[in-house]
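Let us learn to read a protein model together, one feature at a time. The learner asks, and the teacher replies.

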Amino acid sequence: MKYLKNVSTLEFDRNKCKKCLMCTVVCPHGVFKYENNEIKITDRDRCMECGACVNNCPYDAIKVNKGVGCAEAIIYSLLTGKEPKCGCCED
Amino acid sequence: MNTNNNSCCSAEDKSNFSKYSESYVLTTKLTPLGFIPVISSKINFRDKLEHFKCRVSSFRNNYKIEPGLYALGTPDESSEVFVTANYKYTFDVLRKELNNFNCWILVLETGGINVWCAAGKGTFGTEELVEKIKETQLERLVSHKRLILPQLGAVGISAYEVENQSGFKVIYGPVKAEDIKSFIKNNYEAFENARRVKFPIWERIKVAPLELVPALKKFFYLSIVFLIFFGLRKEGIMFKDIYYIGLPMILLTFSALVSGAILVPVLLPFLPFRSFALKGCVTGLIAPLISLFCFSNFLLILFCWIFLPAVSSFTALLFTGTTTYTSPSGVTKELKIGLPIYIAGIVVCILILIIYKLSVLGVI
Ligand code: SF4
Ligand code: SF4
């Protein structure tokens, strides 16, 4: 299943990448792939902007506007101007 | 030396820490860090009952467990350390999957929230993990420097930061605890398949009804408004109008809610469009089609064709919070286009109803 086309803010800087493969391990949607001695983005439409790759890239080669893809949280943020707050898993 | 090692205090320890009295704690184990609770890998009836309650209380739960270190089996200084959240269900699944395995479990304080949600919020994060490693003095318990984390923890954890700050190397295990056994067998490498988050049909069926629960309260108030509004005549509240217009309208609204909250999640990959708002519109066409058989008044039918798909569409959009693949940029895009349309739709609906009522009352 894929979400909307061309919306992900994922950016990858090939020059900074040292091919440690961490991004290929942590991404829950297999967006990064190691192929022909090169890290590649396979399908950016699969990216859910969870930020796992950015957190774990030791060489600062990846950027993304990390967040939760939850309408309730984003409506809250659009209406109040505050950070998106997700009520569905609030304690 | 830790003073807790004093045997005369061990009884007191048990009463001080609730974690020693929980049903999953079998006994305690004397380690260089003092007594550590040894837990069972069996899930009993009480655990199952709690899991059920966790589910029906729609993610809000207080089924927390005490953070800190636990022992499973008979671990020693070379045993692996698994890190998890202090949500009881997550903890239970992990200990169940680790049966016949000797290991340590380090539980982080995530406020009783599962790993993925907590990692998204940052409570299952680098800071908390490093703090727990220091607080528990983990380096005195194990002779190696490895931690095994669920892969989804990576949303909140930075492996290289953890290593910088604590000396412990983070190994990301599979997404699901059920793949841990093959992960261990495969030399602590997860198979490609176990690294992906999926959203299979049975999981969607399981979560779909939960989507309805928060909507029911609003639905109840709207139903009362409908009954009064449609029943109202010059002569007072008419039972006949309530029965022939108010009641069908309530049932149609409920079916629109079901199309958005249940049909969309269940049929997800089979519905056209990638947008949740549009998927909701598609399933939301069922209710207005039924309305053709309920009403003969043109205004009422027009109202149904605008109001019911909008209800279904918005409910479907709210389901993005439960899915495993929607991005914030995508949801923001849907909302920026959708919200003005929903608001305009509601205004038009209210106008239609006012015109309808005035005509029924014979004013126009
Ligand atoms: S984690 Fe960063 S450095 Fe490592 S392979 Fe991915 S992009 Fe390259
Ligand atoms: S943000 Fe998440 S989904 Fe997107 S590429 Fe990075 S790890 Fe994968």
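**Reading a helix, a patch and two ligand shells**

Q: In which helix does B:Ile355 lie?
A: This is a predicted model, and in it B:Ile355 belongs to helix H13 of chain B, which covers residues 328-360.

Q: Is B:Ile355 buried, partly exposed or exposed?
A: A residue counts as partly exposed when its relative accessible area falls between 20% and 50%. B:Ile355 counts as partly exposed because its relative accessibility is 41%.

Q: Which residues make the nonpolar surface patch?
A: An α-helix has 3.6 residues a turn, so residues three or four places apart point the same way. The patch, of about 900 Å², includes B:Ile343, B:Ile346, B:Val347, B:Ile350, B:Leu351, B:Ile354, B:Ile355 and B:Leu358, and B:Val363 and B:Ile364 are also among its members.

Q: How many residues of helix H3 of chain B are buried?
A: Seven of the ten residues in helix H3 (residues 88-97) of chain B are buried, and the helix is thus described as mostly covered. Among the buried ones are B:Phe91 and B:Leu94, together with charged residues such as B:Lys88 and B:Asp92.

Q: What surrounds ligand 1?
A: Of the 13 residues around ligand 1, those that come nearest are A:Cys17, A:Cys20, A:Leu21, A:Cys23 and A:Cys57. The shell of ligand 1 holds eleven nonpolar residues, two charged ones and no polar ones.

Q: Which residues are around ligand 2?
A: They include A:Cys27, A:Cys47, A:Cys50 and A:Cys53, as well as A:Glu49 and A:Gly51. Here the shell divides into ten nonpolar residues, one polar and one charged.

Conventions: Residues numbered from 1 in each chain as written. Chains lettered and ligands numbered in written order. Predicted model: local features only at pLDDT ≥ 70, side-chain atom pairs only at ≥ 80, totals over all residues. Heavy atoms only, no water. Near = heavy atom within 4 Å. Buried < 20%, exposed > 50% of the residue type's maximum accessible area, 1.4 Å probe, protein only. Helix = DSSP H or I, 4+ residues; strand = E, 2+ residues; numbered from the N terminus. Patch = residues over 30% accessible without salt bridge, like charges linked within 9 Å, V, L, I, M, F, W, Y side chains within 5 Å. Areas by Shrake-Rupley, 256 points an atom, 1.4 Å probe, with all protein chains shown as cover. Salt bridge = Lys/Arg side-chain N within 4 Å of Asp/Glu carboxyl O.
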